[in-house]
Amino acid sequence: MKRPDWQLSRNGLFWVLLAFIAVVALHLDHLPVWIVVLTGVSVLWRILEYRGVVPFPPWPLKAIFVASCAIGLAISYRPLLGLEPMVAMLIAGFGLKLLEMHHKRDAVVLVYVAYFTAAINCVFTQDIPYFALVLLTYVITTTALVSINQPKDRGFSAGPSLIAVRILATSLPLMLVLFLVMPRLGTLLSIPVPKNQARTGVGDTMSPGDFSRLVGSDDLAFRARFDGEIPDRNRLYWRGLVFSGFDGREWSQAEFYGQDRPILQRGDNASIIRLGEPIKYTLTMEPTYQRWLYALSTPASFESGIRLMRESRLASTARIGQRRNFDIQSWLDYRLEPEGLHPYPEQLERALPSGSNPETVRVAREWARETQNAQALIQRLLQLFNRSFVYTLEPPLLGTHAVDEFLWESRRGFCEHFAGSFAFFMRAAGYPARVVVGYQGGEIHPTENFVTVRQYDAHAWAEVWIKGQGWLRVDPTAAVAPERIEMSLADMFRDEDNFLADSPLSLIRFRDFGFVNWIILHRDFLDYTWATWVLGYDKRQADFLKQLLGRVDAFRLGLLFLAAAGLSMLPSLTIWLINRRRDRPDPRDELIHRFCARMARAGLPRKTGEGILDYARRIAAERPQLEPEAMAIANAYVSLRYDDNAPVQIDELRRLVRQIDPAGAGVKVR
Amino acid sequence: MRPLSRIRQALKSYFQRWIDRRIQTVREYHLDRRRLYILPSKAGLGFLALVFALWLLGTNFENNLVFILCFLLLGLFIVSILFTHGTLSGLRVKTVRAESVFEGDAATIELCISQPKARRREQISLCFAGGEPLMITLTNAGDTFVTVLAPTTHRGFLDPGLLTVESVSPVGLLRVWSYLRFRFNAVVYPAPVPDTIPTTSHGGSSEGHYSGTTGAEDYAGLKTYEVGESLRHVAWKQYAREQGLWSKQYSDPVDSRVWVDWNNYAGMDTEQRLARMTWQVCACDADGRVYGLRLPGSDHAPDKGGAHRQAVLRCLALYGIDGAKGAGDEAT
């Protein structure tokens, strides 16, 4: 059956268009330009169409639109599987559907698509402001849903948004309880995690200049919340990757250490000796779209999907595409492979590219002969760094023999120059050496127990292997610029141009102002709470529910749901209770209703629209024995109701109604 | 396909019987928990599918924000049960008046819907079985009068079947509805079928041949128009001059008193006879003739005018129907 109300109203159209624009705005950074243009055109076309300026697109034109969209998607996305192409497809489809949206039905489908597409945005970013935008989009979309279901004659109004907000607010308690108690199942299908094109961060190779670039960014890298005391800054070496391969210019991971080969099994203590008590902390990583984690050496984790690698670092089996939490323990005192190296990595970690940096090789061999042991050699090199080298964000460009040029000519460099040349020098002197990259230090929150590490904390240092002692961490940067380790880089380089070059408006530039600092600290805290309690709730769910309910069973969960339902209905319930008192009928009317009901039971119901006096007369005519009582009741009611100075009291009416006996002889005899 | 439609038919008639038993006809319906039914609409099922899709998305990417949105929408669905129920809950519905009509025409039924307090209730649809739904929006406290059309399919007392009162407001995810059944005193007249069988003239002989113009020839003057008089006699010229609504009077020839007689339609079944007699009555009335009605067991003395026409047609409509009361028993 064709319904008279199938057509979409103007208000409905307006809100659907607004919801669509909101969704497109949410996804603006991962949509190709042509889709954004397409959506703009279709919104404009639909508006003009509504106003009667342009006709509906004829079908050949629509077919051309669809075909060109399909081709465009196929060109823009390869492969077509994944979240980003899906978003693009949904939005392109939405835009095309707009052009022929006339039915409420179509609009409802588009509203659902808007809900879904907006939710996908949460997979891309999980920051609080973005989520607030998604929630705003949900309010707009719900408003669209409400306005679609409103009468067509209603012009534009904000009314539906009030209803939408009211409904959404009412559903908040239910949402909260569902969120708290619904079990999480874990990944079902593996869909490629979105890749972020321009993500700054530590890469999987290192060549001169890489790290000074990172200093331009104050993006969050990760946070760590410690269970106990936070170790001193100079022990906070967050180990990411270990580079054993060197080709004369670029450091890289050794083939042998390929990501798919965990070299250490859990509990294999032959090569890692842990000393003392571990410190425990929760690492909240920002998405890196890489596999490695940043942990203090030597780490261990009992998370599923996290493996300990031979170089005493942690790696995840899946790429980290979203902000995630990891529980980690670290032993800061350790011996790493003290007795001997595995033959193949040892060969790599001693290797020198032939003919590379001849001057350094020559000097290293000479120094090795002149010193008695490794310690003395290291000290001598570090002293050289300390005396005549400059730590700077703007190192000069280096040529083919980068180490030679750096050590003997320019002598100006950033951490990667120091770490790389140090490791090379030690290899040339005959000791296995490698470069470790990750982050150093971070900002220790003054009141809360966590450390915030940003991209500009990226750092590189070296490790040297000495028989009997294992791998020793040597940070040549600390020798050149001890303050880099003691305070944060932000304090050191605040006035240099390169620092925060990518974030001109970063709040960190203005930390000197007390309130800016306050905002930064509280933002950090809020962000951290968000990460642990909302984004990482799955990990806490079991503990939290146990804490909340004492024991998790069906009865207590039921109570929780009831509490939520009560909370949802609290406002309406209050209003209802207040109104119920006000709605009580007039007591006089109530008595007359009772009288009519009793007469009706006796077979003489009052007719629609019959006045009470007429009714009484009819009763008198049909049941003469009831005449005096019926007339008395009718007269008493009329005078009570309509006469301001009534000669009778309401009690009189009550008595009369109580006494009449419609079935019997008139008055009940007791 | 056949057996399936038969099953559907059986289910439908079973449902009809169940509803008939369940719904007692009362004077005024109060829409409350016991009378209102609520189930997800088609859009609501789609919405649940959306919630499930969001749940899959959240589960697959282990994303708690998506879970929040998923549960928010699920919560929205659950609380909209209350909101949608509230659209109809607390309303009172009763009939005010219904006009008698010919079978096949739509009966206009005036209903009174009242709510205790001023509150906006949107998109309430009122629909008799097989009729066009009427969409209304209530805003004020107290009574609202609406007119709903109901198709008629057989003569007798007007019985438009179940009135479905429904709404999907405010979000369209759920449909709340109630079935109401009303009794009417108004009747459905048989559908007139034209014929050429002559009326019996007053004397009882069948000689007076009926002709369409007899009795309308002798113009006698103008008289104020009364509701129920034939529109053919309206003095349109005067009306066009804005002199008011007048009807032209014709003097009746002496022999224009006729009987619309059951016995004239030999060889036809009851319904065929009634249909033709109805046409005859209408024709006589239109021509301003004085006519009477003869049915087995009851006669109506010849007369003319709106009230007579109604009484005669009512007799035809209720012929052979149980519970037929005399005309003018109760004005509904």
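**Strands, helices and cores in a two-chain model**

Start with a single pairing: Ser125(B) has Glu166(B) as its bridge partner in strand E10(B). Everything described here comes from a predicted model. The pairing of Ser125(B) with Glu166(B) belongs to a wider match, in which strand E6 (residues 121–128) of chain B and strand E10 (residues 162–167) of chain B lie antiparallel and share five bridges. E10(B) also pairs with strand E11 (residues 174–181) of chain B, again in the antiparallel sense, through six bridges. Here Thr164(B) finds its bridge partner, Tyr179(B), in E11(B). E10(B) and E11(B) make a hairpin with six residues between the strands, and Gly172(B) in this hairpin has a positive phi near 75°.

Chain B also has a helix worth a look. Helix H5 (residues 270–286) of chain B is built from 17 residues, and the distance from its first C-alpha to its last is 24 Å, close to the 24 Å expected at 1.5 Å a residue. Which residues of H5(B) are buried? They are Arg273(B), Leu274(B), Ala275(B), Arg276(B), Met277(B), Thr278(B), Gln280(B), Val281(B), Cys284(B) and Asp285(B). The cover over these buried residues includes strand E12 (187–189), strand E16 (258–261), strand E17 (291–295) and helix H6 (306–317) of chain B. After H5(B) comes Gly288(B), with a positive phi near 75°.

Now for chain A. It has 670 residues, of which 36% are buried, and its secondary structure adds up to 23 helices and 22 strands. Among contacts in chain A with a separation of 6 or more, 72% link residues 24 or more positions apart.

One sheet in chain A can be followed strand by strand. It is an open sheet of six strands, paired antiparallel, in the order E9-E12-E7-E2-E18-E17 (chain A). The edges are taken by strand E9 (299–300) and E17 of chain A; each has a single partner strand, so one side of each has no neighbour in the sheet. Further in, strand E7 (residues 279–285) of chain A is joined to strand E12 (residues 324–330) of chain A by seven antiparallel bridges, and Lys280(A) has Gln329(A) as its bridge partner in E12(A).

Strand E18 (residues 450–454) of chain A has five of its five residues buried, so it is largely enclosed by the rest of the structure. Which way do its residues point? Phe450(A), Thr452(A) and Arg454(A) point one way from E18(A), while Val451(A) and Val453(A) point the other way. In general, side chains in a regular strand alternate between the two faces of the sheet. E18(A) shares five antiparallel bridges with strand E2 (residues 220–226) of chain A, and Phe450(A) is the bridge partner of Arg225(A). E18(A) is also joined by two antiparallel bridges to strand E17 (residues 443–444) of chain A, with Val451(A) as the bridge partner of Ile444(A). E17(A) and E18(A) form a hairpin that has five residues between the strands.

Next comes a helix of chain A with a bend in it. Helix H7 (residues 159–181) of chain A has 23 residues, which should span 33 Å at 1.5 Å a residue; its end C-alpha atoms lie 34 Å apart, so the two values agree. Even so, H7(A) has a kink of about 40° at Leu172(A), shortly before the proline Pro173(A). Pro173(A) is one of the buried residues of H7(A), which also include Ile163(A), Ile167(A), Leu168(A), Leu174(A) and Leu178(A).

How do the two chains meet? Their contact takes 45 residues from chain A and 41 residues from chain B. On the chain A side, the elements that give two or more residues are helix H5 (104–124), helix H6 (128–148), H7, helix H17 (514–535) and helix H18 (537–549). H7(A) gives the most to this side, with nine residues. Sorted by class, the side of chain A that touches chain B has 30 nonpolar, 10 polar and five charged residues.

That leaves the cores. The largest nonpolar core has 119 residues, and Val66(B), Leu69(B) and Leu73(B) have the most contacts inside it. Helix H3 (residues 64–88) of chain B gives the most to this core, with 15 residues. Apart from this core lies another one of 77 residues, among them Phe246(A), Tyr281(A), Leu283(A) and Phe418(A). As for Leu73(B), it touches Tyr115(A), Leu50(B), Val51(B) and Leu54(B), leaving aside residues up to four places away in sequence.

Terms used:
Residues numbered from 1 in each chain as written. Chains lettered and ligands numbered in written order. Predicted model: local features only at pLDDT ≥ 70, side-chain atom pairs only at ≥ 80, totals over all residues. Core = buried A, V, L, I, M, F, W, Y, C linked by C-beta atoms within 7 Å. Buried ≥ 20, exposed ≤ 12 C-beta atoms within 10 Å, placed from the backbone. Helix = DSSP H or I, 4+ residues; strand = E, 2+ residues; numbered from the N terminus. Contact = placed C-beta atoms within 7 Å. Expected span 1.5 Å × (residues − 1). Bend = angle between axes of the 7 residues up to and from the residue. Nonpolar A, V, L, I, M, F, W, Y, C, P; charged D, E, K, R; others polar. Pairing = 2+ DSSP bridges.
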